[in-house]
Amino acid sequence: LALDVPSGGSVRVVLDMGRITAGAVQFAVSAPAGTVLDFSYVEEPITGPAIGPVAPHSGTRYTARGADDHFEVFDVNGFRYAYLLVHGVEGKVSLDHFAVRELLYPWESGASFSCSDEELNRIYTAGIRTVRLNSHDAFIDCPTREQRAWVGDSVVHQMVHLATNCDWRLAWHYLTVGNSPRPDGILPMSVVGEIEADGGFTIPDWALHWIHGIYNLYRFGGDRDAVKALMPTAERILRWYAPYQTAAGLLKDVVEWNLVDWSSVSNADTSAVITAAWARGLREYAELAAWLEERSSQRWAEGLYARVKTGFELFWDERRGSYVDHIVNGAVQPEMSQLAGALAIVSGLAPEERWGRIVDTITDPARVVVRS
């Protein structure tokens with residue numbers, strides 16, 4: 001790509017990779033010594049307004065030496081668009097090469113999926129690529145903006161590895177990396193970074209997803225010693241929630257950032273979603289304890305779960321066929337999310353004879369309302 005840099009001016013080039021890529025950016029340029037190349041890596045085209053504080057702000061500055069100007073950036077950058085600003089010296093400049101050496105976790109063959117629906121085949125392939133972009137020495141939330149090891153996000157990556165990759169080492173490493181509880185027993189919302197180090201407020205339900213990761217280790221790996229080593233942390237997480245259980249068996253006024261993954265769910269006061277997520281953790285922990293022949297731990301978790309199951313009936317809306325999101329000051333509120341119904345099923349709190357009605361309700365396009 002030939003460029004002509006004017007005196008006192010600059011030339012801007014936009015490079016579109018065609019899709020999100022992540023890895024080591026490499027480039028080669030023929031330019032007079034002192035020419036400056038400023039690269040900016042973004043997910044979306046820059047349209048004019050300043051990008052917000054949570055958008056990608058990564059970039060590279062390279063000053064040409066006038067000969068053998070080729071370079072590979074040593075850190076991982078994720079982006080679709082690379083903006084290049086060439087300035088500093090008047091003259092002819094040639095961008096001879098620009099590419100990304102993608103750094104993707106290896107996928108061991110042996111697991112596959114195909115069907116007659118080509119859209120499903122494309123979704124399967126896209127799902128694996130998405131997770132590969134987020135699989136490094138740990139699972140990260142995205143290849144572009146943060147690249148953080150969020151404890152809750154990672155269980156999704158773990159399950160994709162278990163279903164599609166015959167190399168499960170990173171799936172189990174997730175449990176080791178996440179096993180870093182605060183002094184009060186709950187996990188930090190992300191690990192291997194300043195959030196874990198400062199011990200500040202957290203997303204409590206992320207720790208419940210980590211427990212589900214242990215349950216996956218039991219189901220897929222069957223490693224008793226590995227599961228046993230993680231059980232003390234799992235119990236401390238579940239006990240962290242216990243003081244918020246009311247006489248009715250439900251969780252009320254749980255503190256800190258109850259995110260529930262950016263969904264528009266009402267969690268104020270007594271929450272069906274948080275309660276059901278905790279109940280799933282109790283149920284899975286009880287099954288793990290039974291497998292390990294730890295009867296007292298099993299009885300403890302089953303006792304708390306039984307109280308939840310009895311009280312959870314308060315959230316049921318017979319007319320609409322699913323569970324509402326929350327109760328405020330003893331009054332059932334009308335808000336009803338897909339998550340409340342789905343979690344009632346996966347936690348086992350909903351009687352099986354209701355499952356069909358719940359699925360019909362939460363998957364009916366005519367009922368879905370989008371809120372931000």
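**Reading pockets and a helix face**

Author: The largest pocket holds about 600 Å³ of space. This is a predicted model, where local features need pLDDT of at least 70, side-chain atom pairs count only at pLDDT 80 or more, and totals for chains, interfaces and linings use all residues. Residues are numbered from 1 along each chain as its sequence is written, and side-chain values use heavy atoms, with hydrogens and water left out.

Reader: What is a pocket, and what is a lining residue?

Author: On a 1 Å grid over the protein atoms alone, a pocket is an open set of points where a 1.4 Å probe fits, with protein on both sides within 12 Å along at least five of seven lines; lining residues have an atom within 4 Å of a point. The volume is the space filled by probe spheres set on the points, which are joined across faces, edges and corners.

Reader: Which residues lie nearest the centre of the largest pocket?

Author: Met-336, Ser-337, Gln-338, Arg-367 and Val-369, out of 20 lining residues. Both α9 (338-346) and α10 (355-362) supply at least two residues of that lining. Helices here are DSSP runs (H or I, at least four residues), and strands are too (E, at least two), numbered from the N terminus.

Reader: Which residues of α10 are buried?

Author: Buried means under 20% relative accessible area (1.4 Å probe, protein chains only). In α10 that fits Ile-358, Thr-361 and Ile-362. Down the axis of α10, its buried residues fall within an arc of 85°, so they line one face of the helix; the arc is that of the directions from the helix axis to the C-beta atoms.

Reader: What covers them?

Author: The cover of α10's buried residues includes β11 (316-317), β12 (322-323) and α9, with contact meaning heavy atoms within 4.5 Å.

Definitions and conventions
Buried means under 20% relative accessible area, exposed over 50%, partly exposed in between (1.4 Å probe, protein chains only).
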